[in-house]
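Dear colleague,

I am passing on the structure that we spoke about, and my notes on it follow below. Please read them alongside the coordinates and tell me where you would describe things otherwise.

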Amino acid sequence: MATEPGRQGRLRASLRRLGAVARKEVRQLARDRVTFGMIVGVPLMQILLFGYAINFDVRHLATVVHDQANSSMSREFIAQLSATQVLRVDYTTDSGAEVDRLMREGRASMAVIIPPDFERRLQSDTRPVAQILVDGSQPSLAGVASGLAAIPLVTRHGAGPYSGGKRMTPRRVEIRTLYNPEKRTAVQIVPALIGVILTMTMVVFTAGAIVRERERGNLELLIATPLGRLELMVGKLLPFVAIGLIQTTIILLVGSALFNVPVVGNVLHLYVAALLFIAATLGLGLFVSTLAKTQFQAFQLAFLTLLPSILLSGFMFPFEGMPVAAQWIAELLPLTHFNVILRGIVLRGADLPELWPQLAKLAVFLVLMLSVAVARFKKRLD
Amino acid sequence: MNDTAISARQLTRKFGDKTAVDHVDLDIPAGRIYGFLGPNGSGKSTTLRMLCGMLLPSEGHAEVLGLSIVDDAEAIRRRLGYMPQRFSLWEDLTTDENLRFIADLYGLEGDVAARIAAARATYNLDALRNQRAGTMSGGQKQRLALAAATLHEPELLLLDEPTSAVDPQSRRDFWERLFMLAEDGATILVSTHYMEEAERCHGLAILAEGRLVAEGSPRDLLNAVDADVYEIEGADDSAAPKLLRVLPWVHGVTQLGVRLRVLVDRGAPDAESLMRAELANHGIQAQVARTHASLEDVFVVATRGETRGD
């Protein structure tokens with residue numbers, strides 16, 4: 001094979017063209033300050049936004065406490081609740097009317113009301129030991145706080161930490177485990193963000209990069225040269241593969257430093273999976289570029305693929321809870337499978353071999369997209 | 001290599017129900033500068049694009065350098081230089097970077113840097129070697145584009161309205177370079193809508209609405225023009241063209257400043273005196289004189305069937 005000089009020469013020429021395209025692309029990227037800024041800026045902005053602002057796990061809720069028992073045990077109970085960090089006691093009051101007022105004015109999102117017979121209820125009663133009021137007008141808040149509210153309620157079934165115990169036993173600490181650290185949003189969000197950000201930037205960048213050359217007339221010159229379409233496509237994609245890996249690194253570093261989400265599993269495995277996902281997304285971008293006539297269309301198409309990725313991939317809502325039709329669509333999205341891989345490696349310390357079904361699906365997606373894109377991209381103008 | 005660089009038979013290209021190029025036959029000799037003359041939309045660009053294998057013909061076929069434009073497009077591309085109508089190099093790259101990129105695409109061997117330096121010298125680009133193309137003037141961009149199109153020393157150069165965005169001096173310099181390239185043996189096919197450029201070509205094809213309406217050397221075309229040409233001076237009355245057009249043997253009146261240029265059926269008897277009398281009847285005293293045909297006249301006569309009536 002390599003002994004035939006003609007073939008070797010052709011391969012060398014082909015690689016030279018491919019390298020020339022990649023070098024040119026990097027040079028142009030480096031000169032395009034906006035795009036270059038986006039490479040670093042988009043992941044940084046996204047992770048800060050998602051990490052801080054979009055916080056499903058509501059913390060430090062303004063809380064008013066109406067402690068009618070006012071005993072050492074009730075105070076300890078409040079201290080325990082505060083220790084979960086879900087609520088922050090901003091107000092204490094002796095009047096139920098005051099509680100109503102604070103809730104209505106929105107100054108308190110939560111109220112903890114401890115009945116006078118708190119200790120008796122704790123020890124023998126089957127009635128709830130305390131009442132927690134939650135401001136249901138804030139949707140994300142209700143769900144989260146209901147977890148907290150469930151603590152006293154479970155005593156009804158005799159299974160809660162406060163059932164049956166003669167006194168405040170060390171099991172009280174279990175409040176915290178109910179709110180186990182695995183449920184912090186950052187933990188779920190940071191790994192998934194790698195996929196979301198890669199989807200966002202990879203599709204837009206590649207689709208844009210090819211359509212831009214068509215718009216500016218460069219493509220007309222390129223297709224008059226010996227440059228092959230595979231050389232053109234791969235050459236254009238290579239720099240974006242590197243960019244994708246850089247973005248992955250940024251998210252992992254920030255996630256670890258700012259949000260305390262270290263990678264439990266093998267980082268190398270993570271990068272291998274990321275590489276496959278990046279390639280799959282770039283394939284999607286290429287496909288988009290063969291559909292779009294202008295950069296504007298390319299961006300719109302890219303967003304068309306982005307939205308289902310964010311909504312259906314299990315990033316926002318759990319996959320199992322979605323209607324069957326939505327699950328089918330989700331199955332077609334590379335991000336869905338990459339999310340499974342990411343959570344597996346980053347959070348559960350899974351190995352790549354254990355995640356082979358997802359990897360296989362990504363690979364199939366990649367091959368399919370590239371084939372369609374290369375087939376659609378003609379070295380002709382018509 | 002044979003003497004014919006390009007031969008096309010019944011070459012046709014349709015876009016939907018619009019026919020951009022309509023059954024064109026071409027035989028373009030090697031080593032010459034051959035021009036496509038025609039207004040915008042006459043099919044010049046589409047023909048050039050088909051010849052470089054970028055567009056497939058809807059009907060007919062063509063051979064470029066002895067190769068089929070349909071089956072051997074890749075082989076043709078290696079031996080051909082193409083300069084699109086629009087500046088198509090990368091505006092965010094410098095002269096050297098653009099040329100280097102093109103050199104890599106064509107797989108230039110040997111001392112690539114020396115060849116780029118030679119191209120820079122030939123096309124007067126030394127001062128611009130580190131300047132980004134986006135910041136260059138029309139003439140500078142055009143020199144860079146030609147340098148890029150000729151860097152791999154193609155046997156055939158296709159230039160699509162190369163001088164449409166440059167000043168007259170740059171245009172003259174550009175044509176000097178084209179003659180130098182032709183002297184070195186390259187075949188050059190250039191499209192234009194400037195008559196004075198068309199006159200400099202060795203051979204010329206006049207296109208109108210996708211059809212080849214006249215072909216030959218500029219001199220032959222001028223000699224064979226199927227009309228007599230008169231110039232009328234002093235008829236700056238706006239009614240004059242209308243009066244002349246009514247005459248059955250007049251088929252074209254063009255205003256050129258204070259003069260009128262009138263095309264008349266070849267050999268129409270007493271055309272000169274009849275026109276003078278017609279104008280005098282309406283109180284216009286004008287001098288009428290026979291003159292030589294220009295390429296513009298050739299063009300008007302050749303496209304008569306196509307454009308009369310609009």
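**The sheet of chain A**

In chain A of this predicted model, four strands make up an open sheet with mixed pairing, in the order E2-E1-E3-E4, where strands (E, at least two residues) and helices (H or I, at least four) are DSSP runs numbered from the N terminus, and two strands pair if DSSP finds at least two bridges between them. The edges are held by strand E2 (87-92) and strand E4 (131-134) of chain A, each of which has a single partner strand, so one side of each is left without a neighbour in the sheet. On average, and with direction ignored, neighbouring strands of this sheet are turned by 30° against each other; axes here are lines fitted to C-alpha atoms, for helices over the stretch in contact, and angles run from 0 to 180 degrees between N-to-C directions.

Strand E1 (residues 61-67) and strand E3 (residues 110-114) of chain A run parallel and are joined by five bridges, and His66(A) has Ile113(A) in E3(A) as its bridge partner. Two helices lie across this sheet, with contact taken to mean that the C-beta atoms of two residues, placed from the backbone, lie within 7 Å. Helix H3 (residues 72-83) of chain A lies across E1, E2 and E3 of chain A and runs at about 135° to E2(A), while helix H4 (residues 96-104) of chain A lies across E1, E2, E3 and E4 of chain A, at about 170° to E1(A).

As to chain A as a whole, it has 15 helices and four strands, and 40% of its 382 residues count as buried, which requires 20 or more other C-beta atoms within 10 Å of a residue's own (exposed: 12 or fewer; partly exposed: in between; C-beta atoms placed from the backbone). Of the contacts in chain A between residues at least 6 apart in sequence, 76% join residues at least 24 apart.

A word on conventions: residues are numbered from 1 along each chain as its sequence is written, while chains are lettered from A and ligands numbered from 1 in the order in which they are written. Since this is a predicted model, local features need pLDDT of at least 70 and side-chain atom pairs count only at pLDDT 80 or more, whereas totals for chains, interfaces and linings use all residues.

**The sheet and domains of chain B**

Chain B has an open sheet of six strands, again of mixed pairing, in the order E6-E7-E8-E3-E9-E10. Strand E6 (80-83) and strand E10 (211-216) of chain B are at its edges with a single partner strand each, so one side of each is left without a neighbour in the sheet. The average turn between neighbouring strands of this sheet, direction ignored, is 15°.

Strand E7 (residues 156-160) of chain B runs parallel to strand E8 (residues 187-192) of chain B, with five bridges joining them, and Leu159(B) stands opposite Val190(B) in E8(B). Helix H6 (residues 168-183) of chain B packs on the sheet, where it touches strand E3 (33-37), E7 and E8 of chain B, and its direction makes about 150° with that of E8(B).

The domain assignment, which is automatic or from a database, divides chain B into domain 1 (4-221) and domain 2 (226-292), and the centres of these two domains, taken over C-alpha atoms, are 39 Å apart.

**Between the chains, and the core**

The contact between the chains takes 22 residues from chain B and 21 residues from chain A. On the side of chain B that touches chain A, helix H3(B) gives the most, with four residues.

The largest nonpolar core (a set of buried Ala, Val, Leu, Ile, Met, Phe, Trp, Tyr and Cys residues joined through C-beta atoms within 7 Å) has 170 residues, and those that touch the most other members are Leu193(A), Ala207(A), Leu158(B), Ile188(B), Ile206(B) and Val262(B). Helix H8 (residues 185-215) of chain A provides the largest share of this core, 17 residues.

**One backbone detail**

Glu161(B), in the loop between E7 and H6 of chain B, has a positive phi of about 40° although it is not a glycine, and it is buried, with 21 other C-beta atoms within 10 Å.

With best wishes
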